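Reader: I've got this one open on my screen and would like to walk through it with you. Can you take my questions one at a time?

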Amino acid sequence: MHTSYFQETTRWPLAAPKTLGQLLCLIWLAGWLFICSSAVFPLWMLGREPTLSAAASQTLRLLLLPSLIAAPILLALRWRAITGLLCRHPCLILLGLWIWLSAIWSVEPGVTLRRAASFSANTVIVAWAAVTFSPAVLTRTLASVALAILGLSLLFGLCLPDLAFMPDSGEFRGVFTHKNGMGLGLLVAALLIAVAWHTQLMPRPTLLLGYAAIVALAVPVGSATTVMLLLVLAGLHLPLVIAAWPRRMAAGGMLFLLIGCVSILLPLFLARNRIILALGRDVTLTGRTELWDFVDGFIAQRPITGYGYGAFFEVASVAEQISARIGWGAPNSHNGYREVLLGLGLVGLVLALGVLLGALARAVRGFIRDPHDLRSRFAFLYLCLYLFRNFSESDLLAHSDLTWILAGFAIFLPTASSLSREPALRPGGLP
């Protein structure tokens, strides 16, 4: 494999792959990312039914096989580079070990082992991609997958409206099984399109069409969380812009921004219930607060170790208790931090936050040192959204979810680039 293609291609139009191996690597990477997005396949299996059948869930587990098969092969092919990258993240290694150890006390050991294997395999594949592909190629591939999902969602909405709209509420879910999945797709697409725009990795008319699709789909999705996070994403660009100013101006700008944020957000927080009612929303956040009260009681019973990675909501009696308590069946705790506490306890949460906040700190140092380092820009934007989103959704450390894949790229890319001694990617693609 010619590494020059992966390490030197930094601007649109990107050079075409020079060998069949390069082409196959890119096709496999794009296909794997599409599978991890949970688009199309779960919806197709769901059909017009309200929930997935047991047989359909068993079939969907086959989608884990590409990761489980590819990870050991890729690890063997690039053993030194991948292990070298992983060794730069000891907290992540400890987190992975804790996930595997949680099978010992798990309430569903089989589920925990299966999901621990998936988590480890996907982490290895992300590490492989980080040491194999340049950030330019990775960004273009990720953005291409996001645009393809947006296009398919629009196509489903026009041609298969019975599938594209949720049967009970009529809200748009596109190629996902729930509107929250579509909302996450819009958010990820907006972030990747913004990064691709700055790096000029794709034709700007194509990116403009992507932005238009995001705006067109945000309203029918009907997710307040998605709209709020899109606004947060726009606001997160402000500190990145200020960081590019001269040092003294940047310091003053950051202080002014901090005071402004506190002045705006504090009154909004204090008046949150009145604002929620004024917007016609439920003060229980669609039943989340009742669910959190229920979950907190179980967390208090096993605060240190939890119930095993990904195992708690797989217990049949838990689903029955939830339905009896809050009146609806919750597939997760709708809060990523509580989800980690349920699965891995306080030890797991501390390790997870150590990994993510450590990566965020590296991103901040990176763009303070070089405001044009778009690797740091991507890591900062995504990790902030990832941490913020998990206050109301449960995809923190999700074993086969695109959210963890992107978090892995945010964690690995800055250290992988120093490992390969590749120059920072700047606006316009110029090193």
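Reader: Let's start in the middle of things. Which residues in H8 does H7 meet?

Author: Bear in mind that this is a predicted model. From the H7 side, the residues in play are Leu92, Ile99 and Trp100. Their partners in H8 are Thr112, Leu113, Ala116, Ala117, Phe119, Ser120 and Thr123.

Reader: And by class, what does the contact of H7 with H8 have?

Author: Charged residues are absent from the contact of H7 with H8. What you find there is three polar residues, and the nonpolar ones number seven.

Reader: Are H7 and H8 roughly parallel or roughly antiparallel to each other?

Author: H7 covers residues 90–101, and its axis comes within 9 Å of the H8 axis. The two cross at roughly 160°, in a left-handed way. An angle over 145 degrees counts as roughly antiparallel. So H7 and H8 are roughly antiparallel.

Reader: H7 also packs against H18. Which residues of H18 does H7 meet there?

Author: H7 brings Cys91, Leu92, Leu94, Leu95, Trp98 and Ile99 to this contact. By class, the contact has eleven nonpolar and two polar residues, and no charged ones. On the H18 side, look for Leu344, Val347, Gly348, Leu351, Ala352, Gly354 and Val355.

Reader: How are H7 and H18 oriented, roughly parallel or roughly antiparallel?

Author: Their axes come within 9 Å and cross at roughly 155°. H7 passes H18 in a left-handed crossing. With over 145 degrees as the cut-off, H7 and H18 therefore come out as roughly antiparallel.

Reader: Back to H8. What is the relation of H5 and H8, oblique or roughly parallel?

Author: H5 is residues 65–77 and H8 is residues 109–132, with axes 9 Å apart. They pack at an angle of about 45°, and H5 passes H8 in a left-handed crossing. Roughly parallel needs an angle under 35 degrees. H5 and H8 are therefore oblique.

Reader: Which residues of H8 are met by H5?

Author: H5 puts Ser67, Leu68, Ala70, Ala71, Leu74 and Leu75 into the contact. By class, the contact of H5 with H8 has ten nonpolar residues, three polar ones and no charged ones. The H8 partners are Ala117, Ser118, Ala121, Asn122, Val124, Ile125 and Trp128.

Reader: Let's zoom in on single residues. Is Val340 buried or exposed?

Author: Val340 lies in helix H18, which runs over residues 336–369. Leaving aside neighbours within four places in sequence, Val340 is in contact with Gly345, Gly348, Leu349, Leu396 and Leu397. Its relative accessibility is 4%, and since buried means under 20%, Val340 counts as buried.

Reader: How far apart are the C-alpha atoms of Val340 and Leu397?

Author: Along the chain, these two are 57 residues apart. In space, their C-alpha atoms are separated by 7.7 Å.

Reader: What about Trp292 and Arg338, how far apart are they in space?

Author: Trp292 is found in helix H16, residues 288–301, and it is buried, with a relative accessible area of 12%. Arg338 is 46 residues away from Trp292 in sequence. C-alpha to C-alpha, the two are 8.0 Å apart.

Reader: Which residues does Thr141 touch?

Author: Thr141 sits in helix H9, residues 135–159, and at 7% relative accessibility it counts as buried. Not counting residues up to four places away in sequence, Thr141 touches Leu26, Leu29, Ala30 and Leu33.

Reader: Now the loop between H2 and H3. Is Val40 buried or partly exposed?

Author: Ser38 and Val40 both have their place in the loop between H2 and H3. Phi of Ser38 is near 65° and phi of Val40 is near 70°, positive values in residues other than glycine. Ser38 is partly exposed, with a relative accessible area of 31%. Val40 has 15%, which is under the 20% cut-off, so Val40 is buried.

Reader: Last one, for the whole chain. How many helices are there in it?

Author: Of its 431 residues, 51% count as buried. The chain exposes about 19900 Å², with carbon and sulfur atoms supplying 69% of that. There are zero strands, and the number of helices is 20.

Technical notes
Residues numbered from 1 in each chain as written. Predicted model: local features only at pLDDT ≥ 70, side-chain atom pairs only at ≥ 80, totals over all residues. Heavy atoms only, no water. Axes fitted to C-alpha atoms, helices over the stretch in contact; angles between N-to-C directions. Helix = DSSP H or I, 4+ residues; strand = E, 2+ residues; numbered from the N terminus. Parallel < 35°, antiparallel > 145°, perpendicular 65-115°, else oblique. Left-handed = near helix turned anticlockwise from the far one by under 90°. Contact = heavy atoms within 4.5 Å. Nonpolar A, V, L, I, M, F, W, Y, C, P; charged D, E, K, R; others polar. Buried < 20%, exposed > 50% of the residue type's maximum accessible area, 1.4 Å probe, protein only. Areas by Shrake-Rupley, 256 points an atom, 1.4 Å probe, with all protein chains shown as cover.
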